[in-house]
Amino acid sequence: MGQRCLALYSGTSNRELAEEVAKYLGIELGEIEIRRFSDGEIYARIAKSVRGAEVYVIQSLGSKVNEYFMELLIIIDALKRASADEVTAVIPYYAYARQDRKTKSREPISAKLIANLLTVAGASRVVTMDLHAGQIQGFFDIPVDNLSALPLFTRYFQDKNLKNPVVVSPDIGGVTRARALADRLHTPLAIIYKRRPAPEVAEVEEIIGEVEGRDVIICDDIVTTGNTLFSAAKLLKLKGARDIYAAVTHGILTNDAHKKLQESEIKELVVTNTIPIPLEKRVPKLTIISIGNLLGEAIKRISNKDSLSSLFD
């Protein structure tokens, strides 16, 4: 039996990242026609045969979330109807992940709905980065590989001359993630206690741990409006923190978050390119590190049926 052909396709959400992955793998991105009709409907057509192929589709769900998600579903459907053997959805940023449970009556669990739709469309596997809630992997009946940006952040901050650093979790829910970074950097951990009176509204109240005279790294998975992050930085400064950094996987940065960043107490915000950040939002305090090689290596190992565990080291 001959070896299956490996093919890589990209939606329109993060073409630059897809090209980085293709370069790492030493292959060309597959040709695909994607266009919109005048009423907003999406059309996709695979240019060449994928019969029997092992296909990976890179599509992040930031910015135009619903449009990009529908585009991904249509691409997967086109590939399956073209007799692709397996279709892996590579979703660097998995949208709706914060809606992973019911907190009030009559609410949806949208993260589960996204999982159902991907599976019904024909996805054989999902590869993603730093899910907001790890239990979302259990929403699928297909394999889900949840990669981590922590090794990238670890290498980045190890190269900085930080003074007596401490890693800070911006809330109780992020302690596991922050603890993992603290362990890698061999630093203590502090925790910010906050409450949420409304969605996308957080009130920072107190810090558990010692930050006075220390360089601080706030570790989180998502920065949207930045309000929580910037409020946390302000409180840390009031408590005597020295330089304040932030390591956040997904830099959504809606509205004028980039302007607020420049005016905030944060010295540097480090994000990855899971979501493309427009040039006008790439302010001096923002640093972007690429996950292209990490995704490429993950795809290579999945294709070769090798372990992914060492990618977390």
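Which residues does the UniProt annotation "binding site" cover? In this predicted model, the annotation, from an unreviewed entry, covers D39, G40, E41, R98 and Q99. The views below start there.

**View 1. The annotated binding-site residues D39, G40, E41, R98 and Q99.** These residues are spread over 61 residues of sequence. They are spread in space as well, with up to 30.0 Å between C-alpha atoms. D39 sits in the loop between β2 (32-36) and β3 (42-46). The loop between β2 and β3 also holds G40. Is D39 buried or exposed? D39 has a relative accessible area of 57%, so it is exposed. G40 has a relative accessible area of 46%, so it is partly exposed.

**View 2. Strand β4 and its two partners, β1 and β5.** Strand β4 spans residues 54-58. It is largely enclosed by the rest of the structure, because 5 of its 5 residues are buried. Its side chains take two directions: E54, Y56 and I58 point one way, and V55 and V57 the other way. All of these are buried. Strand β1 (residues 6-10) runs parallel to β4, and 5 bridges join the two. Here A7 stands opposite V55 in β4. Strand β5 (residues 86-91) also runs parallel to β4, again with 5 bridges. In this pairing, V55 stands opposite V87 in β5. V55 can thus be found facing A7 of β1 and V87 of β5.

**View 3. From β4 over helix α2 to β5.** Helix α2 covers residues 65-81. Together, β4, α2 and β5 form a β-α-β unit. What is the hand of this unit, left or right? The unit is right-handed.

**View 4. A95, in the loop between β5 and α3.** Helix α3 covers residues 110-121. A95 is buried, because its relative accessibility is 3% and the cut-off for buried is under 20%. Which residues does A95 touch, leaving aside its neighbours within four places in sequence? They are L61, V65 and I114. S60 is 35 residues away from A95 along the chain. The C-alpha atoms of A95 and S60 are separated by 8.3 Å.

**View 5. The annotated N-terminal span, residues 7-122.** An unreviewed UniProt entry gives this span as "domain: Ribose-phosphate pyrophosphokinase N-terminal". Helix makes up 34% of the span and strand 22%. How far apart are the end C-alpha atoms of residues 7-122? They lie 16 Å apart.

**View 6. Domain 1 and domain 2.** The domain assignment places domain 1 at residues 6-147 and domain 2 at residues 150-289. How many residues of domain 1 are in contact with domain 2? There are 14, and they meet 12 residues of domain 2. The centres of the two domains, taken over C-alpha atoms, are 28 Å apart. About 1100 Å² is buried between domain 1 and domain 2, with carbon and sulfur atoms giving 50% of that area. On the domain 1 side, Y93, R98 and D130 lose the most area to domain 2. Together these residues give 43% of what that side buries. R98 is also one of the annotated binding-site residues.

**View 7. Strand β12 between its partners β11 and β13.** Strand β12 covers residues 244-251. It is mostly covered, with 8 of its 8 residues buried. Strand β11 (residues 216-223) runs parallel to β12, joined by 7 bridges. Within this pairing, I222 stands opposite H250 in β12. Strand β13 (residues 268-272) pairs with β12 over 4 bridges, in the parallel sense. V248 stands opposite V271 in β13. From β12 the chain passes through helix α7 (residues 257-263) to reach β13, and this β-α-β crossover is right-handed. β11, helix α6 (residues 227-238) and β12 likewise make a right-handed β-α-β unit.

**View 8. P170, in the loop between β8 and α5.** Strand β8 covers residues 166-169 and helix α5 covers residues 175-185. Why does P170 count as buried? Its relative accessibility is 3%, and buried means under 20%. P170 and L269 are 99 residues apart in sequence. In space they are 14 Å apart, C-alpha to C-alpha.

Technical notes:
Residues are numbered from 1 along each chain as its sequence is written. This is a predicted model: local features need pLDDT of at least 70, side-chain atom pairs count only at pLDDT 80 or more; totals for chains, interfaces and linings use all residues. Side-chain values use heavy atoms; hydrogens and water are left out. UniProt positions are given in the numbering used here, feature names are shortened, and annotations may be inferred rather than shown by experiment. Buried means under 20% relative accessible area, exposed over 50%, partly exposed in between (1.4 Å probe, protein chains only). Two strands pair if DSSP finds at least two bridges between them. A crossover is right-handed if, with the strands pointing away from the viewer, the path from the first strand over the helix to the second runs clockwise. Domain bounds come from an automatic or database domain assignment. Contact means heavy atoms within 4.5 Å. Buried area is the accessible area (1.4 Å probe) that two parts lose on being put together, summed over both.
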